[in-house]
Amino acid sequence: VAQSVRDYAARRGLDAATLERFQLGFAPKSGDVLRGHMNSLGYNEEDLTAAGLTGNNERGVYEVFRNRLMFPIADRRGDIVGFGGREMGDHPAKYMNTPQTAAFDKGGVLYGLNLARESIRESGTAVVVEGYMDAIAAHQHGYTNVVASMGTALTEQQADRLKSTATNFILALDPDAAGQEATLRSLESSWRVFERQRVGGRQRSVGHLYQREPLNLKIA
C-alpha cells in the first residue's frame, strides 16, 4: 500500500528530497498501527486523544487518520503541532486536519512557515497559497518564501504571524470560484491587520529617528 502512496507523490512531481524536507508520511488503513507504536513509546490513549490523533465513538477508540498521505504541520519554530491528511481511497473527506487542540489552531498556523521564514525575512515578501501541495511544489521549484493557509481564507491571526517577518504579501489562491471567495475573505482579514499596522506603526530604527514601513498586499 505504501508503494501506491509513493507512486502518487511521484505523479504529483515530488522528489525524494522534498518528501524528506516536509516529512511526508502515510497513515495505514488498518487503524491500529499508530496506537500500538505510540503506546510502545509510553503514550496512553488520553495523550493520543488530546493530540487529536484518536477519537471515541460508539465502537470505541479509533485513529483519526487512516489511509492518508500525511502532512506534519509545524509552528514557526518547527515544532509539530498537528497533521493534515489526504485520503488515498474514496473517502468523501479528501483532506482533513487535526481537530482543534491545545497545540493546534488551524486559523493561527501557516503551513510551511518554519521552512519559509528565513526566505520571507530575506526577501521581505510572503506568498500565500491554499493547499499543502501548492506550498510544497513551490518550495521544490525554488520559491521558498511560500506558505499555505491550508484551504481556508487567510485569517487575521495568520496575517499577524506574517507581518512580523514581511512587508509585502502576495495572495496566490486558486483561480476557481472557491479560491476567489477565499481571496475576498483574505483581503478583508488582511486589511484589518494592515489597518492596525497603519495606526500602531511598525517602526525600524534609523539613527535616532524611526520610520514606518508600509505593508503592501497584492493578488496573483
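Here is a chat about how the labels on this predicted model are earned.

Me: How do you know how far to trust this predicted model?
Reply: pLDDT is the predictor's confidence in each residue, from 0 to 100. The chain averages 87, and 92% of its residues reach 70 or more.

Me: Which residues have pLDDT under 50?
Reply: That's residues 202–211, where pLDDT stays under 50. The model has 17 contacts beyond four places in sequence for that stretch. Where pLDDT is low, the predicted coordinates should not be read in detail.

Me: On to salt bridges. Why is the pair Glu45 and Arg35 called a salt bridge?
Reply: The rule wants a side-chain nitrogen of Lys or Arg within 4 Å of a carboxyl oxygen of Asp or Glu. For Glu45 and Arg35 the closest N and O atoms are 3.3 Å apart, so the pair passes the 4 Å cut-off. The two sit 10 residues apart, with Glu45 in helix H4 (residues 45–50) and Arg35 in helix H3 (residues 33–40).

Me: Are Glu45 and Arg35 buried, partly exposed or exposed?
Reply: Buried means under 20% relative accessible area, exposed means over 50%, and partly exposed is in between. Glu45 comes out at 23% and Arg35 at 22%, so both are partly exposed.

Me: What about Asp79 and Arg77: what N to O distance makes them a salt bridge?
Reply: Their side chains meet at 3.8 Å, N to O, and the cut-off is within 4 Å, so the pair counts. Asp79 has a relative accessible area of 43%, so it's partly exposed. Arg77 has 62%, which is over 50%, so Arg77 is called exposed. Salt bridges also link Asp75, Arg77 and Asp79 in a network.

Me: What makes Glu156 and Arg192 a link between parts apart in sequence?
Reply: Glu156 lies in helix H7 (residues 156–163) and Arg192 in helix H8 (residues 177–200), so their salt bridge ties together parts that are 36 residues apart in sequence. The closest N and O atoms are 3.1 Å apart. Glu156 is partly exposed at 24%, and Arg192 is partly exposed at 39%.

Me: How many salt bridges does the rule give?
Reply: The count comes to 8.

Me: Now the sheets. Why are strands S1 and S6 said to stand at the edges?
Reply: The sheet has 4 strands in the order S1-S4-S5-S6, with antiparallel pairing. Strand S1 (25–27) and strand S6 (95–97) each have a single partner strand, so one side of each is left without a neighbour in the sheet. Neighbouring strands here are turned by 35° against each other on average, direction ignored.

Me: How do you know that S4 and S5 pair?
Reply: Pairing needs at least two bridges, and S4 and strand S5 (residues 80–87) share 7 bridges, in the antiparallel sense. One example is Ile73, whose bridge partner in S5 is Gly82. Helix H6 lies across S4, S5 and S6, running at about 75° to S4.

Me: What is the strand order in the open sheet with parallel pairing?
Reply: The order is S8-S7-S9-S12, 4 strands in total. Strand S8 (146–148) and strand S12 (216–219) are the edge strands, each pairing on one side only. The twist averages 25° from one strand to the next.

Me: And how do you know that S7 and S9 pair?
Reply: At least two bridges are needed, and strand S7 (residues 125–129) and strand S9 (residues 168–171) have 4, in the parallel sense. Val128 has Leu171 in S9 as its bridge partner. Helix H5 (residues 113–123) packs on this sheet, touching S7 and S8, and its direction makes about 140° with that of S8. Helix H6 (residues 132–140) also touches S7 and S8, at about 165° to S8.

Me: Last one: what makes a set of residues a nonpolar core?
Reply: The members are buried nonpolar residues joined through side-chain atoms within 4.5 Å. The largest such core has 22 residues, and those with the most contacts inside it include Leu24, Phe71, Tyr111 and Ile136. H6 gives the most to this core, with 5 residues. Ile136 is in contact with residues including Leu14, Phe22, Leu24 and Phe71, leaving aside its neighbours within four places in sequence. Apart from that core lies another, of 16 residues, among them Leu110 and Phe169.

Notes:
Residues numbered from 1 in each chain as written. Predicted model: local features only at pLDDT ≥ 70, side-chain atom pairs only at ≥ 80, totals over all residues. Heavy atoms only, no water. Axes fitted to C-alpha atoms, helices over the stretch in contact; angles between N-to-C directions. Contact = heavy atoms within 4.5 Å. Buried < 20%, exposed > 50% of the residue type's maximum accessible area, 1.4 Å probe, protein only.
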